[in-house]
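Trainee: I'd like to go through the labels on this model and see what earns each one. Can you take me through them?
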Amino acid sequence: MANLRRDGLHKLTTRLAREYGTGVVEDLNVTGMLANQRLARHIADAGFAEIRRQLAYKTEWNGGRLLVADRWYPSSKTCSGCGAAKPSRPFLSASITARHAVWSSTGTVTPR
């Protein structure tokens with residue numbers, strides 16, 4: 001079973017490193033996620049550290065680069081069109097079930 005998982009991770013990371021010149025991974029708080037007893041085993045099996053390690057050396061081999069996004073970066077609050085950031089999540093202010101955010105600076109509609 002471990003060999004199948006390892007083989008799958010190698011194939012995934014090789015494909016990602018070859019297809020994309022730049023990759024971005026988020027610096028996750030895995031220790032905090034492991035505190036959730038219902039998800040701990042599945043999160044531990046995912047091998048986030050191994051995926052990140054393999055992506056790092058494979059993107060370098062292929063002439064690309066791997067960026068690490070800070071876990072506190074407000075990506076869901078930042079407009080992809082203009083880079084403007086809102087102080088609070090725009091979709092929570094109107095309705096918790098809203099599926100899109102409308103940015104007043106550009107009129108861009110982005111999915112949540």
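Mentor: Sure. Let's start in helix α4 (residues 48-61), where Glu-50 and Arg-53 are three residues apart and so separated by about one helical turn. Keep in mind that this is a predicted model.

Trainee: What makes Glu-50 and Arg-53 a salt bridge?

Mentor: The closest N and O atoms of Glu-50 and Arg-53 are 2.6 Å apart. The rule asks for a side-chain nitrogen of Lys or Arg within 4 Å of a carboxyl oxygen of Asp or Glu, so the pair qualifies.

Trainee: Why is Glu-50 called partly exposed?

Mentor: Its relative accessible area is 29%. Buried means under 20% and exposed over 50%, so Glu-50 falls in between. Arg-53, with 43%, is partly exposed as well.

Trainee: What about Lys-11 and Asp-7: how far apart are their closest N and O atoms?

Mentor: They are 3.2 Å apart, and the pair forms a salt bridge. Lys-11 and Asp-7 are four residues apart in helix α1 (residues 2-19), which puts about one helical turn between them.

Trainee: Is Lys-11 buried or exposed?

Mentor: Exposed: its relative accessible area is 56%, and the cut-off for that word is over 50%. Asp-7 has 37%, so the label there is partly exposed.

Trainee: How do you know that Arg-71 and Asp-27 meet in a salt bridge?

Mentor: The N to O distance between their side chains is 3.6 Å. With the limit at 4 Å, the pair therefore counts. Arg-71 lies in the loop between β2 (65-69) and α5 (90-94), and Asp-27 in the loop between β1 (22-26) and α2 (30-33), so this pair ties together parts that are 44 residues apart in sequence.

Trainee: And which exposure label do Arg-71 and Asp-27 get?

Mentor: Partly exposed for Arg-71, at 30% relative accessibility, and partly exposed for Asp-27, at 25%.

Trainee: What makes you speak of a network there?

Mentor: Salt bridges link Asp-27, Arg-52 and Arg-71. By the distance rule, the count of salt bridges comes to four.

Trainee: Now the largest pocket. What is its volume, and which residues line it?

Mentor: The volume is about 190 Å³. Val-25, Glu-26, Asp-27, Leu-28, Val-30, Phe-48, Ala-49, Ile-51 and Arg-52 make up the lining. So Asp-27 and Arg-52 turn up again: they belong to the salt-bridge network and also line this pocket.

Trainee: How do the lining residues divide into nonpolar, polar and charged?

Mentor: There are six nonpolar, no polar and three charged. Asp, Glu, Lys and Arg count as charged, so Glu-26, Asp-27 and Arg-52 fall in that class.

Trainee: Which element gives the most to that lining?

Mentor: α4 does, with four residues. β1 and α4 each supply at least two.

Trainee: Stepping back, what is the pattern of elements along the sequence?

Mentor: Read along the chain, you get α-β-α-α-α-β-α-β-β, that is, five helices and four strands.

Trainee: And how much of the chain counts as buried?

Mentor: Of the 112 residues, 18% do. The chain exposes about 8300 Å², with carbon and sulfur atoms supplying 55% of that area.

Trainee: What share of the contacts between residues at least 6 apart in sequence join residues at least 24 apart?

Mentor: That share is 50%.

Technical notes. Residues numbered from 1 in each chain as written. Predicted model: local features only at pLDDT ≥ 70, side-chain atom pairs only at ≥ 80, totals over all residues. Heavy atoms only, no water. Buried < 20%, exposed > 50% of the residue type's maximum accessible area, 1.4 Å probe, protein only. 1 Å grid on protein atoms, 1.4 Å probe; cavity = no way out; pocket = protein on both sides within 12 Å on 5 of 7 lines; lining within 4 Å. Points joined across faces, edges and corners; volume = space filled by probe spheres on them. Contact = heavy atoms within 4.5 Å. Areas by Shrake-Rupley, 256 points an atom, 1.4 Å probe, with all protein chains shown as cover.
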